[in-house]
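Please open the structure in the viewer and keep the selection tool at hand. The tour proceeds from one selection to the next.

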Amino acid sequence: MRLVQQTMLEEAERLETVDAERDRMLFDDSRERLQRGFLADLQQNPTLDPEWVYSAAEVYAAACEALVWQEVEFARQRDTRRDNLRDAAAAQARAIAVLQEQGLLLQRTVGFDLWRLNQPGKEASR
């Protein structure tokens, strides 16, 4: 159980580092491609209608804003996953502590070690 707990904590850490960096690179790349496309449209047609330029700029701004909102949502989802993993690891640690305490109480009151029953080839000691 402790290995699972450690794995959950490592995954939570990875969400803060590796996944956050991957998402940042994804959005940086998306912004760059959006900007290159917009500039290519402008350069391709030097005699563009002012109305078209105005409309294209509005679409470009809306697309940039959509990327920001998507980036915020990705960060929120990462935070939620990280918090859930940390909470699960903490709950598992509490469960282990309760099980250990139960084992000690049973050993003191009944006189044998139930933890040894989980080990193949070993009998509970009295």
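Helices are DSSP runs of H or I with at least four residues, numbered from the N terminus. The model is predicted: local features need pLDDT of at least 70, side-chain atom pairs count only at pLDDT 80 or more, and totals for chains, interfaces and linings use all residues. Residues are numbered from 1 along each chain as its sequence is written, and side-chain values use heavy atoms, with hydrogens and water left out.

Select residues 2–44, which form helix H1. The 43 residues of H1 should span 63 Å at 1.5 Å a residue (the expected span is 1.5 Å times one less than the number of residues), and the end C-alpha atoms are 61 Å apart, which agrees.

Next, centre on Arg14, where H1 bends by about 40°; the bend is the angle between axes fitted to the seven residues ending there and the seven starting there.

Now select Gln5, also in H1. Is Gln5 buried or exposed? Gln5 counts as buried because its relative accessibility is 15%, buried meaning under 20% relative accessible area with a 1.4 Å probe and protein chains only. Leaving aside neighbours within four places in sequence, Gln5 is in contact (heavy atoms within 4.5 Å) with Ala89, Gln92, Ala93 and Ile96.

Proceed to helix H2, residues 50–109. The end C-alpha atoms of H2 are 88 Å apart, in agreement with the 88 Å expected for its 60 residues. Its buried residues include Ala89, Gln92 and Ile96, and the buried residues of H2 pack against H1.

Finally, select Gly111, which follows H2 and has a positive phi, near 100°.

Terms used: Helix = DSSP H or I, 4+ residues; strand = E, 2+ residues; numbered from the N terminus. Buried < 20%, exposed > 50% of the residue type's maximum accessible area, 1.4 Å probe, protein only.
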